[in-house]
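Me: I'd like a close look at one part of this chain, please. Pick a spot on the outside, walk me through it, and then show me how it fits with the rest.

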Amino acid sequence: MTGSESLLDYLGRYFPIVLFIGIALAFGVVTLLISYLVQPKYPEAEKLSPYECGSEPFSDARMPFPVRYYIFAMLFVIFDIEVIFLYPWAVVFDKIGLVGLVEMLVFIAILLVGYVYVWRRGAFRWE
């Protein structure tokens, strides 16, 4: 802000941004309000009953999940991260040369050993 520029001129440059944010917030609030006012209100027993995937629940919702689900999710994340590491390596491959190739081969070999280990342990069997 220079000496000849007033505070009002300085803040005036941000007026379109503030106006856009105000319009966006007003649109969201008005849309929710109209939706609440015009929605049909028929609280029937069938609509208020809990369901899962369109079928009636048949057991307690607080039952423990088997650890297999979590192991399967962790394995997915681990091998997904391997693919994520391959992209930046491929982008800079021409700069890192043979050393980078060897390091990536070691990285993939370590993950391949882990993959074979969990495969033999039966972690990929969905029972």
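Reply: Let's start with a nonpolar patch on the surface, about 650 Å² in area, made by Tyr14, Ile17, Val18, Phe20, Ile21 and Leu25. Keep in mind that this is a predicted model.

Take Tyr14, one of the patch residues. You'll find Tyr14 in the loop between α1 (7-12) and α2 (15-38). Is Tyr14 buried or exposed? Neither, quite: its relative accessible area is 42%, and because buried means under 20% and exposed means over 50%, Tyr14 counts as partly exposed.

Now zoom out to the whole chain. There are five helices and zero strands, so reading along the sequence just gives you α-α-α-α-α. Of the 127 residues, 7% count as buried. The accessible surface comes to about 11,800 Å², and 72% of that belongs to carbon and sulfur atoms. As for contacts with a separation of 6 or more, 53% are between residues 24 or more positions apart.

Where do some of those buried residues sit? Look at α5: its buried residues are Gly100, Met104, Leu111 and Val118, and they pack against α4 (67-91).

Helix α5 has another thing worth a look. It runs over residues 93-121, 29 residues in total, yet its end C-alpha atoms are only 35 Å apart, while a straight helix would reach 42 Å. Follow α5 along and you'll meet a kink of about 70 degrees, centred on Val99. After α5 comes Gly122, with a positive phi near 85 degrees.

Notes: Residues are numbered from 1 along each chain as its sequence is written. This is a predicted model: local features need pLDDT of at least 70, side-chain atom pairs count only at pLDDT 80 or more; totals for chains, interfaces and linings use all residues. Side-chain values use heavy atoms; hydrogens and water are left out. Helices (H or I, at least four residues) and strands (E, at least two) are DSSP runs, numbered from the N terminus. The expected span of a helix is 1.5 Å times one less than its number of residues. The bend at a residue is the angle between axes fitted to the seven residues ending there and the seven starting there. Buried means under 20% relative accessible area, exposed over 50%, partly exposed in between (1.4 Å probe, protein chains only). Contact means heavy atoms within 4.5 Å. Patches are made of residues with over 30% relative accessible area and no salt bridge: like charges are joined within 9 Å, nonpolar side chains (Val, Leu, Ile, Met, Phe, Trp, Tyr) within 5 Å. Accessible areas come from the Shrake-Rupley method with a 1.4 Å probe; for residues, only the protein chains shown count as cover. A salt bridge is a side-chain nitrogen of Lys or Arg within 4 Å of a carboxyl oxygen of Asp or Glu.
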